[in-house]
Amino acid sequence: MFEEYKKHDVAVYGGYLSDVSKLMQCTSGGIATAMSEYMIKQGGYVAGVVYSDDFYSAEYILTNKISDIDRLKGSKYIECDKKNIYSDVKRLLDSGEKVLFFGLPCVVAALYKFIGTRNKNLITCELVCHGPTSAQIHKDYVSYLEDKYSSKVIDFSVRRKKDFWTPGYLYAKFENGQTFEKPFYETEYGYGFTVFGRERCYDCKFKGNNRQGDIMIGDFWGAVDTDEYWNRCGVSVIFAETTTGDAFITSIPGISIFSTTFEKAVKHNLMVIKSKVKHNNREKFSKLLSKKGLIYASKHSLPFKTQAIKYASTIIPDKIRPMAKKLYFAIKKKA
Ligand SMILES: Cc1cc2nc3c(=O)[nH]c(=O)nc-3n(C[C@H](O)[C@H](O)[C@H](O)COP(=O)(O)OP(=O)(O)OC[C@H]3O[C@@H](n4cnc5c(N)ncnc54)[C@H](O)[C@@H]3O)c2cc1C
Ligand code: SF4
C-alpha cells in the first residue's frame, strides 16, 4: 500500500508533548509547540501563524520570544496574511540566524522559491493540509458571536480540547467574562470550513512526493489506545522528510515519539497524498456567502432534510437532546 510514496520520508513517527497541561492547549500532539520552544531556546527564531489582536483574522509573525508561543498554539483554519514573512525570513538567514518556519505545504514551497536555495540554518515544518477556508467565514463568525454576547472576543480557538483530543470544540472568550463552547463541526463555522475550500486546494500540487519541507506534522488520525504513541490528550503524526528534519525532531527534549510506518500514518489521513474533493454545496454556499454572509449561507445552502433536523434540534430542550439524538440515530439505523 502507498508504495510510490514510501521513499520520500527518512522516518515516520507518532508522538506527543510529555507535559499534559501544555499538550491540552495544543491542536494535536503539540509537536509544533515543542519544536518552537526548542528553536527559541537555542537562540533561533520561529515563523508561524497567530490570530490578529482583534481576532478577526490570522497572520504570520516571526519571533524569538518564548512568550509568543501561546499565541502560535492552535490551528488557524483560514487563509492568513503573510505580511513580509518571506523577505523577513531571508533577511535573518542572510545575517546567519536560525529560523524554524511553519507553513501549509504550498507556503513552504513558496518560501523556498523566494529564497532560491536550501539553507543550513532554515528548518521548515509543513502541516498536513486539506486547505484553509475563506477568511470571511472566520470574520463573520467572530462578529456573529460578538453581537450575540454584546462583547468583544478576547480568546478564540477552533480546536479546543475540552476533555480530550476529540471532538474539537469551537471556543470563544469575551471581554465581559462570558464564554462560548460548541463542537466545531456543529457550528456554522465548521460547516463553512467543510463546504468551502479554495479552488487550488481541490488539485493541490504539494502532496505525496511533492512535499518540500524538512518535516511534516498533523493529527495522527487512526491512532488507537493499543499504539505505543497513543495519548488521549492528542497525538501528532510526524514525517521526517530530510535528514536535517530527522536530526532536529529526534533531539527535542520533552516529547515522546515512537517510530511507525508510512501505511499507519497515512491510512486515515489521506490528505498527505491526496487533494480533498469538492463539496456538492460549495457553489451555492459560495454565492450566498459573498452576498449574505456566513450565517445565512450555512442555513440556506443545506439540503431541506438537514435544515429540518437542525431546526428541530434548536427547539428540543437541552435536557432531552442527548436522548432525542440517540432515538434519531436508532430510527435511522433501522430504516
Ligand atoms: C488549514 C489547515 C488544515 C489542516 N488540515 C489537516 C488535515 O487534513 N489533517 C491533519 O492531520 N492535520 C491537518 N492540519 C494540521 C493540524 O490541524 C495541526 O495544525 C498540526 O497537527 C499541528 O498540531 P500541534 O498540536 O503540533 O500544533 P500546536 O502546538 O497547536 O501549534 C500550532 C502550530 O500550527 C501553526 N499554524 C496554525 N495555523 C496555521 C496556518 N493557517 N498556516 C500555517 N501554520 C499554522 C502555528 O504557527 C503553530 O506552529 C491542518 C492545519 C491547518 C492550519
Ligand atoms: S491544500 Fe495544497 S494548495 Fe491548498 S493550502 Fe494546502 S498545500 Fe496549499
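**Burial, ligand 1 and the backbone, term by term**

Me: Why are Lys287, Ser290 and Lys291 of α10 called exposed?
Reply: They lie on the other side of α10 from its buried residues, and each is given as exposed because that word stands for over 50% relative accessible area, with buried under 20% and partly exposed in between (1.4 Å probe, protein chains only). The model is predicted, so local features need pLDDT of at least 70 and side-chain atom pairs 80 or more, while totals for chains, interfaces and linings use all residues. Residues are numbered from 1 along each chain as written, chains are lettered from A and ligands numbered from 1 in the order written, and side-chain values use heavy atoms, without hydrogens and water.

Me: What makes the buried residues of α10 one face of the helix?
Reply: Arg282, Phe285, Leu288 and Leu289 are the buried residues in α10, which spans 282-292. Down the axis of α10 they fall within an arc of 135 degrees, so they line one face; the arc is taken over directions from the axis to the C-beta atoms. Helices are DSSP runs of H or I with at least four residues, and strands are runs of E with at least two, numbered from the N terminus.

Me: What covers that face of α10?
Reply: The cover includes α6 (135-149), α7 (188-195) and α11 (294-300), contact being heavy atoms within 4.5 Å.

Me: Why is α2 called mostly covered?
Reply: Nine of the eleven residues of α2 (31-41) are buried. Among them are Met35, Glu37, Tyr38 and Ile40.

Me: Which residues come nearest to ligand 1?
Reply: Ser28, Thr33, Ser75, Asp219 and Asn269, out of 34 residues around ligand 1; a residue is near if one of its heavy atoms lies within 4 Å.

Me: What polar atoms does ligand 1 have beside Ala32, Thr33 and Asp219?
Reply: An oxygen atom of ligand 1 lies 2.9 Å from a backbone N or O atom of Ala32. For Thr33, a side-chain N or O atom is 2.5 Å from an oxygen atom of the ligand. A polar backbone atom of Asp219 is 2.8 Å from an oxygen atom of ligand 1. Each of these values can be set against the limit for a polar contact, a pair of N or O atoms within 3.5 Å.

Me: How do you know how much of ligand 1 is covered?
Reply: On its own, ligand 1 has 910 Å² of accessible area, and the protein covers 98% of that. The shell draws two or more residues from each of α2, β2 (45-51), β4 (99-103) and β9 (215-219).

Me: Where is the cis peptide bond at Pro167, and what is its omega?
Reply: The bond runs from Thr166 to Pro167, with omega near -5 degrees. Pro167 sits in the loop between β6 (153-161) and β7 (168-174).

Me: What makes Lys83 and Ser150 notable in phi?
Reply: Neither is a glycine, yet Lys83 has a positive phi of about 50 degrees and Ser150 one of about 45 degrees. Lys83 is in the loop between α3 (69-72) and α4 (85-94); Ser150 is in the loop between α6 and β6.

Me: Is Ser150 buried or exposed?
Reply: Ser150 has a relative accessible area of 67%, so it is exposed.

Me: Which glycines follow α2 and α10 with positive phi?
Reply: Just after α2, Gly43 has a positive phi of about 95 degrees. Gly293, just after α10, has one of about 90 degrees.

Key
A polar contact is a pair of N or O atoms within 3.5 Å; within protein, one must be able to donate a hydrogen and the other to accept it, and residues adjacent in sequence count only if both atoms are side-chain atoms. Accessible areas come from the Shrake-Rupley method with a 1.4 Å probe; for residues, only the protein chains shown count as cover.
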